[in-house]
Amino acid sequence: MLETEVGYRLSPLQRHAWQGRSTGTGCSAALFALDAPLTRDELASRLQRLGSELEILRVELVQVDGLREPVQYVRETARCHLVVGSMDTGADVASLVDAWLDGKASREANLAVALLDAEGGPQHLLLRAPAWIADDTTLALLAQALAAPDPFVADTQYIDIAEWMHEVLESPAAESGRAFWSAVTADAANAMRLPFARHASSSAATPARRCYRVEAGPMLPPEPELQALVAWHEVVSRWCGAAALDLTLFDDGRRFAELATVVGPVARPIPLRCDTRDMAATDIPARMAEALAQARRHQEYVDPALPLPVHGYQWRAGGGNGAARRRGDSGLPIGPGQLVLRAGVDGGAWTLEFVFDESCFTAGDIDVMAEQLRSALLQAPLAGCAVLPAPVVTPAVPGSAGALFDACVTRFPHAPAVRSGQVVLEYAALDRQVGRIADALLDLCARRGERIALVLPRDATCIAAMLAALRCGIAYIPLDPDAPAQRLADILAEASPRVLVHAGMADRWPRVAGMAMLDVERLPARVDGALQVSRAPVDPLQIAYVIYTSGSTGRPKGVEVSHQALCHYVQGIEQRLRLEPSASLSALSTWTADLGYTALYGAVLTGRCFDIVPADTILDPARLSRHLADHPVDCLKIVPSHLAALLDVPGGDAVLPRQCLVLGGEPAAPALLARLRERRPDLRVLNHYGPTETTIGVATHEAEGAPHHAGLPIGRALGSLRLHVLDAQLQPCPVGGIGELYIAGAGVAQGYLSRPDLTAERFLPEPVSGEGAPGTRMYRSGDRARYWPNGAVQLLGRADDQVKIRGHRVEPGEVASVLARLPGVAGAVVVAQDAGADAWLAAYLVPAGAVRPSDAALLAQLHDCLPGHMVPSALVWMQQLPVTANGKVDRRALPPASRQRGSGRAVIPPRTTLEQDIAAIWMALLSVDEVSVEDNFFDCGGHSLLLVQLKARLDAAFAREMPIVTLFQATTIAAQARFYDASPAPEQGTRTPEQDMARRAEKARAALQRQREARTDV
């Protein structure tokens, strides 16, 4: 045969394969068992004959000047290579290719063939070809041709098929075909990922495979390809939480009879639109069959370079009934993050092969997916997820928190226990202070099992008072000295504490009948030997403390936590933190909630040091950075939104601890985690989760490796706790099934103080105890959750209206109840807006008369009886609240709310350049298009974390530092302008280009926000 000097253009599929040759997916290989033995000479003869018959085996790619891609020339001699060798019967295709077909001659050949003898078994043919020469079906056709004695006759040469492909794309019908794919690929379903999948670690995948066999029973379904597709879509869509989820179909491309025996690349991956929303299960197969037909009907028009969904499907026919039977191949070429099911049938069983990116999925992940696919194929119900065993934990000894502290005093008397700036209290000194307070409590007839209230500032004396109560077996109730007076009075009236412990100003606190007062600044002077504190053991079930949280019924509820629960938590978290005995810990949250107890009790009950950050420093980024730079800590517990605000200011990195960062109180945004990985890749980051009703925390997850697509899970249970994901019938959900999270074990609180009805509603009998102990209880968290394949738990929002605002738990019903009691309000409903760190409250109100109260008056009354984080950022007045058919408020029919100025007064625009500059910063920060110079920052939707960012932006813009205490007092634009007018101005020319840039950026952001608001209003 003569060489031809005519060059042929590559087919679209060849072009795509040639362009991707450098990604490691540029060749295909397969292994076939032979029915009849072959000699080397016989095989060489057949290979030569096959090369003469098939132009594709004689093609050479030649780069021509002026062309962006090569053209193919048909040469006279076939570009084939043959070797002979041996193999172990258990060897995989990849290792065989490395052993026999990885030489230069094999890599450069259009077809490389190895004839392999297997001891005690048939001979095998190993074939390898570049992806622009052969696809999966082509290798099977070539193997059959080499194994058969009869010559192979090519009905059509591939070069003709390549030209036909171009003609199809250039035909008038191509426009409608491309429009079809444009509509399919424009859908956001392509971007969906399995929640437990990690982000791809590089631009190239690390391919791996796992194979399974599922016995199908007496009879396979009549359309196994369709049933496998329906089952796979069911499994993936359930995990992704969307019935409209597209897959990548790896199709053999041979829908026409003329293409059945074509040797060359015809197979192609194509998007498969799979939308089964609002469909009955019986109708889904017909919908999927139509989707398959539509995709295949338009496959010639799809662009091979089109981005494809990461979840794929390929149907594989049997291994073949000819002279060569497929025994394995090199697998599909997959991209980063991909997971593909290759399904088939063999001898009455399903064969399932998962090809996946090993950097994104583990073998355990795939095992769970395979089990769920098995259930879907056999139409069998998924088994509920049993509670996974937690690591073995030795029971906490001793059994009371006071005894734990006493043990630390005995073992580490001269070790630092509490540090406050330059002042350090050793355990022995702290013990003496604890003893004095405990002695004073006993003098006031406070006895074991009673309660005391602590209204103390954030200092070492408060910690000593907590420990004194724990030592005496008295439950303490921590209260915020700055809380609204009415809220304090309501809590004290319900709790009826025996003693109120304060630090001066006794007349400031509400009085309750029978309650004594103890001023820690005027403790009786006693020598150490005169201390009469009882060291008798405390019952582990004795209440250690009572924490008040927001209540859905309109009043806060007190959670009673036992010594056993506190000791269990301390031991469990100590194992997770893995800190050195000399480590220091700190937390920036209030001590009236238990969020900071991770660090507080994780330090003073384990012999480590707790660092007290002064209250006036916590919200001042500059002072906080200086404090932690001067007094670095090894472990810090912080709310993610607070940390994000601190990292936004110059020098914010100084707040990060040396060893371990614990995030809790709200979900951590992926952007924050990415910043932490970039700035401190050496820092251990733990996600910490736990309602107050289960003692500080119940689960942790350490952020390691590439992040998961769904963000951080809450991880696995601490100690002997058990996490149940249950359905509405309190039955375990399968792995991946969404249910409500219930928590059982030693950390569960005793209940709510003086609220037996609410206790019975939220604390239920455990249906299946992981410890086999009868009568155990579990707490209904109200969080929607599911188990991941690796045993970690992922949260999916609330099953009720509860919301976290800046780390504080808020029941909108409590806020609505307070609003409804105010004069001039006939009805109220409060709804959380946005989510995560940006959550805020909107109140919808019905006036009681023709004249409604002013917003300013209502907000002032709310601040008198609610903490700042519970005050709504928007008040929306309505003639009546929309209701559903059964009379409940129809929240979906409520109008949209936006954060308001809140003052209710006329707008006073900025009057000076200074006020204009400050107003621009406000508008950009608050995302509003108008502010008055007399508006209060907090009434406009501002809060303490936004105040942190406001301070940083003001300091940068005016090159002068405003103390955070001053900023809390100067809460209007006019007041802030007066501060800068009165403070010394920087010398001419001292403003840096960065500060000028900051001012211009603030104005630009404000202008952009106004444009967006205007577009929204149209």
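In this predicted model, an open sheet of nine strands follows the order E16-E15-E24-E23-E25-E26-E27-E28-E29 with mixed pairing, where two strands pair if DSSP finds at least two bridges between them. Strand E16 (423-426) and strand E29 (716-717) stand at the edges of this sheet, each with a single partner strand, so that one side of each lacks a neighbour in the sheet. The helices (H or I, at least four residues) and strands (E, at least two) named here are DSSP runs, numbered from the N terminus. Strand E15 (residues 416-420) pairs with E16 in the antiparallel sense over four bridges, and Val418 stands opposite Leu425 in E16. In general, strands of a sheet pair through backbone hydrogen bonds, either parallel or antiparallel.

Because the model is predicted, local features need pLDDT of at least 70 and side-chain atom pairs count only at pLDDT 80 or more, whereas totals for chains, interfaces and linings use all residues. Residues are numbered from 1 along each chain as its sequence is written, and side-chain values use heavy atoms, with hydrogens and water left out.

Helix H15 (residues 563-577) lies across strand E23 (584-587), strand E25 (635-638), strand E26 (660-664), strand E27 (684-689), strand E28 (699-702) and E29, and runs at about 155° to E27; axes are lines fitted to C-alpha atoms, for helices over the stretch in contact, and angles run from 0 to 180 degrees between N-to-C directions. The axis of H15 also comes within 8 Å of that of helix H11 (residues 401-411), the two crossing at roughly 45°. H11 is therefore oblique to H15, given that angles under 35 degrees count as roughly parallel, over 145 as roughly antiparallel, 65 to 115 as roughly perpendicular and the rest as oblique. In this contact (heavy atoms within 4.5 Å), Ala401, Gly402 and Leu404 in H11 meet His563, Leu566 and Cys567 in H15. The residues of the contact of H11 with H15 divide into four nonpolar, two polar and no charged, where Ala, Val, Leu, Ile, Met, Phe, Trp, Tyr, Cys and Pro count as nonpolar, Asp, Glu, Lys and Arg as charged, and the others, Gly among them, as polar.

A second helix pair is formed by helix H12 (residues 427-443) and helix H13 (residues 460-472), whose axes come within 8 Å and cross at roughly 60°, which makes H12 oblique to H13. Leu430, Asp431, Gln433, Val434, Gly435, Ile437, Ala438 and Leu442 in H12 meet Ala460, Thr461, Ala464, Ala465, Leu467, Ala468, Arg471 and Cys472 in H13. By class, the contact of H12 with H13 comprises 11 nonpolar, three polar and two charged residues.

Another open sheet, of five strands, has the order E5-E6-E7-E2-E12, again with mixed pairing. Strand E5 (80-87) and strand E12 (324-329) stand at its edges, each with a single partner strand, so one side of each is left without a neighbour in the sheet. The twist from one strand to the next averages 25°. Strand E6 (residues 111-118) and strand E7 (residues 124-130) run antiparallel and are joined by five bridges, with Leu115 standing opposite Leu125 in E7. Helix H2 (residues 40-53) lies across E5, E6 and E7 at about 150° to E5, while helix H5 (residues 136-147) lies across strand E2 (27-34), E6, E7 and E12 at about 40° to E2.

The protein chain as a whole contains 28 helices and 40 strands.
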